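I sat down with this model to look up how some of its strands pair and which side of a neighbouring helix is covered. My notes are kept in the order in which I checked things.

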Amino acid sequence: MRNQFLKAAFLMLLTCGMGFLVSCSDDDGPDKGGDGTVPQTILDAFQGQYGDTRATWTTKDGYAIAEFSGDKGKATAWYALDDARWGMTETEIPFASLPQAITAAIGESAYADWIPDDEVDVLERNGSEKLYVVEMEKQGVDVDLYFTEDGVLVNEYVDTDGKGNDYTGYLPQTPESGIHDWIGQHFPDARIVDIDKESNGTEVEIVQDGVKLEILFDASSGWVQTKTEYGYHNCPDVVRSFVQTHYPDYYIDDVDRYETAANIYYCVEIERGDWEKKIYLDENGTEISRPSGGDINIGEGGVTVNAALEAFLNEKYPGAVVMEKDYDDGRVEIEIRHDGYEKDVLFNFKEEWLYTTYDIRQNELPEAVKASLAERFGTHAYWDDIECMETPEGTFYEVEVFDELDVYVSADGNIIRVED
């Protein structure tokens, strides 16, 4: 009887994973999306990839997740429950071990004077671009920067809740065959960063030739638009030349090149102190009005924001539709459609409202502004290139006069400054 008991106990230990040096976890269970077990096919896949490594397993969102200590340090690996396919492995490395291209990119960015965390998360993904997640801190604000190995910044997120990131949103996806074929034909050397499929289309983020591109496809997998993102150091020569000639006191913040079936143009964000301006250029570097239908967004009307930002938008801009949310040097930038305008609403690191900008026409200027401009420059001195800026201190207007002067006017008609 005693021998039978010992034999049963020994078999129980083997069942719990000693054959693969895999430990059981109390987290496994129906509340984690599984039935309390990890399929043997996944245990085999894990052993084939990491050898006789002890791991603790949980299951969540269709994946078995292994936590273990690998050759490079603490790691987490995801395997699909349905076919045991490896999806992604997250590994912690010291900040000092970052590729030189990434440390150089940080030094040339707006985060150069921020303090990096000692540890960096590396995301190795099946069939998708390898990413390095660097956490930066300044004045109590944390920002996660996502870099490719060659130093391309592909995403940045402000940490507003203090919770760690489990990176499930970065598990690799496979584009539909039509989209896959189109990307292979037009960008044969592309590395996929992310795929976002919505009911009305798909957005695919790729990296090629050191730049990030966002490619939009409609619900039938037909190409809609390609957006290429540039910074100050790699912006096209026609853009740099135009800004240096017409806005010598401004610096280039971001440059986006849009290509659609109808046209090709650049959206250029330039800044001077607290003032920010968007200008639009055709592919030859000539300034144009904002193309209609520009800045197409697949997630149109379906982008979510947190409760605090949503409450502000509902109060300040009732009925607004959130078109896009992004982070710009740690600031939160939300594009909305409100009262027939496309408005950019910016918040600081603490998600406090900074200002809102949008384009208006000449006849929409307040009478006090028109009178002040007419008295100083003449009735027909300015055109429809007018930007409205709403701030906590009041509303201001930037008006182009004589095709060469930028005039800043408050809503009551006070001319604040004039720039060549």
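These entries go from the strands to the helix.

Entry 1. I began by noting that the model is predicted, and I then turned to strand 16, residues 264–272, to ask whether it is enclosed or open. I found 7 of its 9 residues buried, that is, under 20% relative accessible area, so strand 16 is largely enclosed by the rest of the structure.

Entry 2. I looked up the pairing of strand 16 with strand 15, residues 251–260, and found that the two run antiparallel and are joined by 8 bridges. A hairpin of 3 residues connects strand 15 to strand 16, and within this pair I located Asp 254 opposite Glu 269 of strand 16.

Entry 3. I then followed strand 16 to strand 17, residues 275–282, where I again read an antiparallel arrangement with 8 bridges. Here Tyr 266 has Leu 281 in strand 17 as its bridge partner.

Entry 4. Which residues of helix 5, residues 237–246, are buried? I listed Val 239, Arg 240, Phe 242 and Val 243, and because they cover an arc of only 165° around the axis, I place them on the same side of helix 5. This fits the general rule that residues three or four places apart in an α-helix point the same way, since there are 3.6 residues a turn.

Entry 5. On the face of helix 5 turned away from that buried side, I noted the exposed residues Asp 237, Gln 244 and Thr 245. Last, I checked what covers the buried residues of helix 5, and the cover includes strand 15, strand 16, strand 17 and strand 18 (287–288).

Notes:
Residues numbered from 1 in each chain as written. Predicted model: local features only at pLDDT ≥ 70, side-chain atom pairs only at ≥ 80, totals over all residues. Heavy atoms only, no water. Buried < 20%, exposed > 50% of the residue type's maximum accessible area, 1.4 Å probe, protein only. Helix = DSSP H or I, 4+ residues; strand = E, 2+ residues; numbered from the N terminus. Pairing = 2+ DSSP bridges. Arc of directions from axis to C-beta. Contact = heavy atoms within 4.5 Å.
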